[in-house]
Amino acid sequence: MYDYELETEDKELKKVGLELMFMTPEKCSSEKGITAVELAKRVELPLETVKKKLTILKDAGIVRVIGIKPKYWKFDDYNFQRIDENDDVYRLLCNFDDVDFDRFFQY
């Protein structure tokens with residue numbers, strides 16, 4: 001699939017991936033998804049870092065991109081459910097030990 005090894009837990013990749021995973025249409029300015037700029041502001045990371053992490057997630061088949069300028073990013077539930085459970089990125093996003101769900105949900 002891709003040549004990305006998670007030797008240590010990539011907290012930035014996890015932050016970007018989980019933000020997209022729990023993204024609801026109400027949180028996006030467009031029904032197509034969220035731009036890298038908007039996502040960088042939400043996760044409080046530099047834009048270049050977010051773009052690198054989005055590329056990793058896209059290569060893994062976990063997110064898809066719509067459009068060219070601007071690019072809209074969306075989590076792909078269908079592909080995520082079909083990824084091998086031993087996949088490094090899949091295991092990273094499914095490790096909820098240190099995840100604060102209050103960030104994603106209003107109770």
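1. Let me start with a cut-off: a residue is buried under 20% relative accessible area, exposed over 50%, and partly exposed in between. Arg-91, at 45% relative accessibility, therefore counts as partly exposed. Keep in mind throughout that this is a predicted model.

2. Staying with Arg-91: its salt-bridge partner is Asp-88, and the closest N and O atoms are 3.3 Å apart. Both residues sit in helix α5, three residues apart, so about one helical turn separates them.

3. The salt-bridge count for the structure is six. One that reaches across the chain pairs Lys-53 with Asp-10, at 2.9 Å from N to O. Lys-53 belongs to helix α3 (residues 47-59), while Asp-10 is in the segment before α1 (11-21); the two are 43 residues apart, so this pair links distant parts of the chain. Is this pair made of buried or exposed residues? Lys-53 is buried, at 11% relative accessibility, and Asp-10 is buried as well, at 12%.

4. Asp-10 has further roles in the geometry here. Through salt bridges that share partners, Asp-10, Glu-12 and Lys-53 are joined into one network. Asp-10 also caps the N-terminal end of α1, with a side-chain oxygen 3.2 Å from the backbone nitrogen of Glu-12.

5. Another salt bridge to look at is Arg-42 with Glu-19, 3.0 Å from N to O. Arg-42 is in helix α2 (residues 36-43) and Glu-19 in helix α1, so the contact ties together parts that are 23 residues apart in sequence. The two ends differ in exposure: Glu-19 is buried, with just 1% relative accessibility, whereas Arg-42 is partly exposed at 30%.

6. Glu-19 brings us to α1 as a whole. How many of the 11 residues of α1 are buried? Eight are, which leaves the helix mostly covered. Among them are Leu-13, Val-16, Leu-18, Leu-20 and Met-21, but also Lys-14 and Gly-17. The cover over these buried residues includes helices α2, α3, α4 and α5, together with strands β1 (63-66) and β2 (72-75).

7. On to the aromatics, where a search of the whole structure turns up two pairs. Phe-80 and Tyr-90 make a tilted one, 5.0 Å centre to centre with 35° between the planes. Phe-80 lies in helix α4 (residues 77-81) and Tyr-90 in helix α5 (residues 88-94), so the pair ties together parts 10 residues apart in sequence. Both Phe-80 and Tyr-90 are buried. If you want to view the wider group, ring pairs link Phe-75, Phe-80 and Tyr-90 into a cluster.

8. There is also a charge over a ring to check: Arg-82 lies over the face of Tyr-78, 3.7 Å from the ring centre.

9. Finally, the cysteines. How many disulfides does the structure hold? Zero. For anyone looking at the individual residues, Cys-28 is buried, with a relative accessible area of 17%, and Cys-94 is partly exposed at 32%. Cys-28 falls under the 20% cut-off for buried, and Cys-94 lands between the 20% and 50% limits, so the two get different labels.

Terms used. Residues are numbered from 1 along each chain as its sequence is written. This is a predicted model: local features need pLDDT of at least 70, side-chain atom pairs count only at pLDDT 80 or more; totals for chains, interfaces and linings use all residues. Side-chain values use heavy atoms; hydrogens and water are left out. Rings of Phe, Tyr and Trp (its six-membered ring) pair if their centres lie within 6.5 Å; planes under 30 degrees apart count as stacked, over 60 as edge-to-face and the rest as tilted. Helices (H or I, at least four residues) and strands (E, at least two) are DSSP runs, numbered from the N terminus. Buried means under 20% relative accessible area, exposed over 50%, partly exposed in between (1.4 Å probe, protein chains only). A charge sits over a ring if NZ of Lys or CZ of Arg is within 6 Å of the ring centre and within 35 degrees of the ring normal. A disulfide is a pair of cysteine sulfur atoms within 2.5 Å. A salt bridge is a side-chain nitrogen of Lys or Arg within 4 Å of a carboxyl oxygen of Asp or Glu. Contact means heavy atoms within 4.5 Å. A polar contact is a pair of N or O atoms within 3.5 Å; within protein, one must be able to donate a hydrogen and the other to accept it, and residues adjacent in sequence count only if both atoms are side-chain atoms.
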